[in-house]
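Reader: Please take one part of this model and go through it closely, then place it in the rest of the chain. I would like numbers where there are any.

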Amino acid sequence: MQRWTVRQAKAQFSAMVDTCLSEGPQLVTRHGIDTAVLVRADEWQRLRASVHPSLKQLLLAEGARCTPVLATRSTARRRPPAAAR
């Protein structure tokens, strides 16, 4: 992964994109601190999908099959209907 300063990235953005497409992700630094990463669009979509799975993926996942938790029924006595009083 090649490092680019913000100044270099601004001045040579087209070259940075070309390098990203041919060599992989490119790191951008500001004042020597890692700030951003330029990645291919398809890689970004793959990463996003793995972090936020779709509803279909959640339902088909192995961990999604479990026994439902049912509330227990109250044992308190109920009042008779108003007409029966």
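Author: The part chosen here is the segment after α4, where R77 is found. The model is predicted. R77 counts as exposed because its relative accessible area is 83%. Between the C-alpha atoms of R77 and V39 there are 64 Å, although the two residues are 38 apart along the chain.

That distance can be set against the dimensions of the chain. The C-alpha atoms fill a box of roughly 85 × 30 × 20 Å along the principal axes. From the N terminus on, the order of elements is β-α-α-β-β-α-α. The chain has a radius of gyration of 28 Å, well over the 12 Å that the globule rule gives for 85 residues, so it is more spread out than a compact globule. Of the 85 residues, 12% count as buried. The exposed area of the chain is about 7,900 Å², and carbon and sulfur atoms supply 57% of it. Among contacts with a separation of 6 or more, 22% are accounted for by residues 24 or more positions apart.

Helix α4 itself covers residues 55–60, and L55 lies in it. L55 is exposed, as its relative accessible area is 62%. Together with L58 and L59, L55 makes a nonpolar surface patch of about 330 Å².

Next come the strands. Strand β2 (residues 26–30) and strand β3 (residues 33–38) run antiparallel and are joined by five bridges. Within this pairing, V28 stands opposite A36 in β3. The hairpin of β2 and β3 has two residues between the strands. H31 sits in the loop between β2 and β3, and its phi is near 55 degrees, a positive value in a residue other than glycine. With 77% relative accessibility, H31 is exposed.

Strand β3 also takes part in one of the two salt bridges that the structure holds. R3 forms a salt bridge with D34, and the closest N and O atoms are 2.7 Å apart. R3 lies in strand β1 (residues 2–5) and D34 in strand β3, so the pair ties together parts that are 31 residues apart in sequence. R3 counts as exposed at 51% relative accessibility; the cut-off for that class is over 50%. D34 is partly exposed, with a relative accessible area of 46%.

The other partners are D42 and R40, whose closest N and O atoms are 3.3 Å apart in a salt bridge. For D42 the relative accessible area is 47%, which makes it partly exposed. R40 also counts as partly exposed, at 35% relative accessibility. Side chains of opposite charge can pair when their charged atoms come close.

A buried position is the last stop. T19 is found in helix α2, which covers residues 13–23. The relative accessible area of T19 is 13%, so T19 is buried. Leaving aside residues up to four places away in sequence, T19 touches Q2, W4, G24 and Q26. Q2 and W4 fall within residues 2–5, the range of strand β1, and Q26 falls within residues 26–30, the range of strand β2.

To return to the starting point: R77, in the segment after α4, is exposed at 83% relative accessible area, whereas T19 is buried at 13%.

Conventions
Residues are numbered from 1 along each chain as its sequence is written. This is a predicted model: local features need pLDDT of at least 70, side-chain atom pairs count only at pLDDT 80 or more; totals for chains, interfaces and linings use all residues. Side-chain values use heavy atoms; hydrogens and water are left out. Patches are made of residues with over 30% relative accessible area and no salt bridge: like charges are joined within 9 Å, nonpolar side chains (Val, Leu, Ile, Met, Phe, Trp, Tyr) within 5 Å. Accessible areas come from the Shrake-Rupley method with a 1.4 Å probe; for residues, only the protein chains shown count as cover. A salt bridge is a side-chain nitrogen of Lys or Arg within 4 Å of a carboxyl oxygen of Asp or Glu. Helices (H or I, at least four residues) and strands (E, at least two) are DSSP runs, numbered from the N terminus. Buried means under 20% relative accessible area, exposed over 50%, partly exposed in between (1.4 Å probe, protein chains only). Contact means heavy atoms within 4.5 Å. Two strands pair if DSSP finds at least two bridges between them. The radius of gyration is taken over C-alpha atoms; the globule rule is 2.2 Å times the number of residues to the power 0.38.
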